[in-house]
Amino acid sequence: MDKPQIVEFLSQSVNYSVFDVKWIPRTAKFVVAGSRPQGSGVLQVYELEENTLQLRHEISQDKSLKCCSFGASRIRNNHVAVGDFAGNLSVLDVERPESPLYAVKAHSSIINSLDAIGGAQVNCGAPEIVTGSRDGSVKVWDTRQKDSPVACVSGNSDSGGRDCWAVAFGNSFNNSDRCVVAGYDNGDLKMIDLRKMLQRWETNLGNGVCGVEFDRNDIEMNKLAVTTLEGGLFVYDVRTQHPKKGFACVVEKDAGRSLGSCGTISGAKSTVWTVKHLPQNRDVFVSCGGSGSIRLWHYEYPDKRTKPLPDGTEAGVEGNLQMLCSSVISSQPVHCFDWCTDLIGLAVCGAFDQTVRVLISTKLNLY
């Protein structure tokens, strides 16, 4: 018991498919976005009250909701960006959702993933939302500009491009620098510099990319975590980019396998659906697996993060991954997860068993 543990604190069964969960900043509330059986969307707001979960609001939408984020909202506004199955992007006030604050037909097909930034940060760029869609395009939207994106950074709806499954902002440490990372169904992973509007780096991981996240999106790039089908977990050191070798990377290929009764890895490799870094410690993160498991990891830096090469250039040096604990909380895949920024170890997750769970991770202050 001297190691961290992940325990279920509360759970709530719902009558719809859960696709995303997010804490509302500076509150004890979170939102759950999903799809009802008839194809309509639902956004529910729950609040922790002593040892219970209370439903505070329920917002109905015409189309099923796939993803959401509060990242482009100022802390006290509680404006959530949502993407739906019809390719619509909307920004809603969770307290007064009668009419959208921002609405645009963003894509010709489902918005698989979105990320938002610029709301809470000071002097770190505009409030923007990036969306990735089945139509193959990745677009950046400024909530102050109606109807059209400020950037289309990868393909377009007519190109027949690969299905984009995951997007994330990063490198937003001042008013001019910012990048987007996009992952695709064929394993492609691309990093686009938004200031220069150039592709900075790309690679292929061999399996569809399900989740991407920088350890912090409002600092100079430090680490990037990526999850894939077939149990892949990749952590890149993105501080040093070699012209040919790219970024140093540590790979955990058994991140989606279940653990046997003796703690040994067993079973077939399953999808690692998402990765989320602890807000209070960027070197600790969770991965959520298709086996219904949640694993807690700690990234350990090498003694030196760069090494000189014979040609006079420098290359990055990968660190090590230590699995702190693993907990199976569902018989179905756990595919969405969010940490609470205000209380270390408090989290919420959603699974395909139509259940939302509030979790507590212990002893995280030791790392």
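Are Arg178 and Glu128 buried or exposed? Exercise 3 gives the solution.

The model is predicted: local features need pLDDT of at least 70, side-chain atom pairs count only at pLDDT 80 or more, and totals for chains, interfaces and linings use all residues. Residues are numbered from 1 along each chain as its sequence is written, and side-chain values use heavy atoms, with hydrogens and water left out.

**Exercise 1. The whole protein**

Task: Describe the fold in terms of strands, overall size and burial.

Solution.

Step 1. Count the elements. The protein has 32 strands and zero helices. Both are DSSP runs, numbered from the N terminus: helices are H or I with at least four residues, strands are E with at least two.

Step 2. Check the size. The C-alpha atoms fill a box of roughly 65 × 50 × 40 Å along the principal axes. The radius of gyration is 20 Å, which agrees with the value near 21 Å for a compact globule of 367 residues. This radius is taken over C-alpha atoms, and the globule rule is 2.2 Å times the number of residues to the power 0.38.

Step 3. Look at burial. Of the 367 residues, 56% are buried. Buried means under 20% relative accessible area, exposed means over 50%, and partly exposed lies in between (1.4 Å probe, protein chains only).

Step 4. Look at the surface. About 15600 Å² is exposed, and carbon and sulfur atoms supply 44% of it. Accessible areas come from the Shrake-Rupley method with a 1.4 Å probe; for residues, only the protein chains shown count as cover.

Step 5. Look at the contacts. Take those between residues at least 6 apart in sequence: 48% join residues at least 24 apart. Contact means heavy atoms within 4.5 Å.

**Exercise 2. A patch and its strands**

Task: Find which residues join Val7 in a nonpolar surface patch, and place them.

Solution.

Step 1. Name the members. Val7, Phe9 and Ile360 form the patch, with about 210 Å² of accessible area together. Patches are made of residues with over 30% relative accessible area and no salt bridge; like charges are joined within 9 Å, nonpolar side chains (Val, Leu, Ile, Met, Phe, Trp, Tyr) within 5 Å.

Step 2. Place two of them. Val7 sits in strand 1 (residues 6-13). Ile360 belongs to strand 32 (residues 355-361).

Step 3. Grade them. Val7 is partly exposed because its relative accessible area is 39%. Ile360 is partly exposed too, at 31%.

Step 4. List the contacts. Beyond its neighbours within four places in sequence, Val7 touches Val358, Leu359 and Ile360.

**Exercise 3. Salt bridges**

Task: Count the salt bridges and study three pairs.

Solution.

Step 1. Set the rule. A salt bridge is a side-chain nitrogen of Lys or Arg within 4 Å of a carboxyl oxygen of Asp or Glu. Side chains of opposite charge can pair when their charged atoms come close. The count comes to 17 salt bridges.

Step 2. Take Arg178 and Glu128. Their side chains meet at 2.8 Å, N to O. This pair links distant parts of the chain, 50 residues apart. Arg178 is in the loop between strand 14 (164-170) and strand 15 (179-184), while Glu128 is in strand 11 (residues 128-133). Both Arg178 and Glu128 are buried.

Step 3. Take Asp215 and Lys223. Their closest N and O atoms are 2.9 Å apart. Asp215 counts as buried because its relative accessibility is 2%. Lys223 is buried at 1%.

Step 4. Take Arg305 and Asp237. Their side chains meet at 3.0 Å, N to O. They stand 68 residues apart, with Arg305 in the loop between strand 26 (293-300) and strand 27 (306-308) and Asp237 in strand 20. Arg305 is partly exposed at 25%, whereas Asp237 is buried at 1%.

Step 5. Add a network. Salt bridges link Glu8, Asp353 and Arg357.

**Exercise 4. Two histidines**

Task: Find what the side chains of His107 and His242 reach.

Solution.

Step 1. Place His107. It lies in the loop between strand 9 (102-105) and strand 10 (111-117). At 3% relative accessibility, His107 is buried.

Step 2. Find its partner. The His107 side chain makes a polar contact with the Ser137 side chain at 2.8 Å. A polar contact is a pair of N or O atoms within 3.5 Å; within protein, one must be able to donate a hydrogen and the other to accept it, and residues adjacent in sequence count only if both atoms are side-chain atoms.

Step 3. Turn to His242. It is found in strand 20 (residues 233-242), and is buried at 5%. Its side chain reaches the backbone nitrogen of Lys245 at 3.0 Å.
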